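Reader: Got a minute to go through this one with me? I'd like to start with how you decide what's buried and what isn't.

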Amino acid sequence: MSDCIFCKIVAGALPSKKVYEDDEIIAFHDIHPIAPVHILIIPKAHIVSLSECENNHQALLGRMLLLAPQLAREHGLETGFRTMINTGRGGGQEVFHLHIHIFGGGDKLART
Ligand code: 5GP
Ligand code: ZN
């Protein structure tokens, strides 16, 4: 198996608090949440980052993005939520398997 921790989560070799799964996507709680609700949406396939996405990933990316409001609703983020995709070292990416952060809850999020 690859050294990728998110691939290990997909394979069930590492535990996670899963909140969604289908044939192409899983979503689970971030291990170090920066807000009361902090969920990661990832493709099951190992795609390194947004920079490695190609035209054949359009439908997958659309489905991942459309999952965000659904999961936000399901986790009580009625007043809104923030999405974030860190891309590459310069973009603050630490886990090199594409993921969308969704977070919110509690007080109004700061803009930074
Ligand atoms: P990045 O900086 O790459 O956008 O964010 C990676 C995120 O993955 C971080 O918020 C970090 O807390 C989370 N993370 C790293 N390792 C694990 C893990 O083993 N399990 C879970 N659930 N989240 C992780
Ligand atoms: Zn991976």
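Author: Sure. A residue is buried if 20 or more other C-beta atoms lie within 10 Å of its own, exposed if 12 or fewer, and partly exposed in between. Keep in mind that this is a predicted model.

Reader: OK, try that on R82: how many C-beta neighbours does R82 have inside 10 Å, and what does R82 count as?

Author: R82 has 16 C-beta neighbours inside 10 Å, so R82 counts as partly exposed.

Reader: And where does R82 sit, and which residues is R82 in contact with?

Author: R82 is in strand β4. Setting aside neighbours within four places in sequence, R82 is in contact with F103, G104 and L109. You can also relate R82 to A72: they are ten residues apart in sequence, and 9.4 Å separates their C-alpha atoms.

Reader: Let's zoom out. How many helices and strands are in the chain?

Author: Two helices and five strands. Reading from the N terminus, the order is α-β-β-β-α-β-β. The radius of gyration is 14 Å, close to the 13 Å the globule rule gives for 112 residues, so the chain is as compact as a globular protein of that length.

Reader: What box do the C-alpha atoms fill?

Author: Roughly 40 × 30 × 25 Å, along the principal axes. Of the 112 residues, 21% count as buried. As for contacts between residues at least 6 apart in sequence, 57% of them join residues at least 24 apart.

Reader: What about helix α2, how far does α2 reach?

Author: Helix α2 covers residues 58–74, which is 17 residues, and spans 25 Å from first C-alpha to last. At 1.5 Å a residue you'd expect 24 Å, so those two values are close. Just after α2, G76 has a positive phi of about 80°.

Reader: Switching topic: which residue does the UniProt "active site" annotation cover?

Author: According to the UniProt record, an unreviewed entry, the annotation covers H99. H99 lies in the loop between β4 (82–84) and β5 (100–104).

Reader: Is H99 buried or exposed?

Author: H99 counts as buried, because 24 C-beta neighbours fall inside 10 Å and the cut-off for buried is 20 or more.

Reader: Which residues does H99 touch, leaving out those up to four places away in sequence?

Author: F6, L40, I41 and I42.

Reader: And the ligand, how many residues surround ligand 1?

Author: There are 13 of them, and the closest are I31, H32, N86, E94 and V95. By type, the shell splits into five nonpolar, six polar and two charged residues.

Reader: What about H29, where is H29 and what does H29 count as?

Author: H29 is in strand β2, residues 25–29. H29 has 15 C-beta neighbours inside 10 Å, so H29 counts as partly exposed. Beyond four places in sequence, H29 is in contact with K17, V19, H38 and I39.

Reader: How far apart are H29 and H75?

Author: In sequence, 46 residues; in space, 11 Å from C-alpha to C-alpha.

Reader: Last one: D23, buried or exposed?

Author: D23 is exposed, because 5 other C-beta atoms lie within 10 Å and 12 or fewer is the cut-off for exposed. D23 is in the loop between β1 (18–21) and β2. D23 and K44 are 21 residues apart in sequence, with 7.8 Å between their C-alpha atoms.

Terms used
Residues are numbered from 1 along each chain as its sequence is written. Chains are lettered from A and ligands numbered from 1 in the order in which they are written. This is a predicted model: local features need pLDDT of at least 70, side-chain atom pairs count only at pLDDT 80 or more; totals for chains, interfaces and linings use all residues. Helices (H or I, at least four residues) and strands (E, at least two) are DSSP runs, numbered from the N terminus. A residue is near a molecule or strand if its C-beta atom, placed from the backbone, lies within 6 Å of it. Ala, Val, Leu, Ile, Met, Phe, Trp, Tyr, Cys and Pro count as nonpolar, Asp, Glu, Lys and Arg as charged, and the others, Gly among them, as polar. UniProt positions are given in the numbering used here, feature names are shortened, and annotations may be inferred rather than shown by experiment. Two residues are in contact if their C-beta atoms, placed from the backbone, lie within 7 Å. The radius of gyration is taken over C-alpha atoms; the globule rule is 2.2 Å times the number of residues to the power 0.38.
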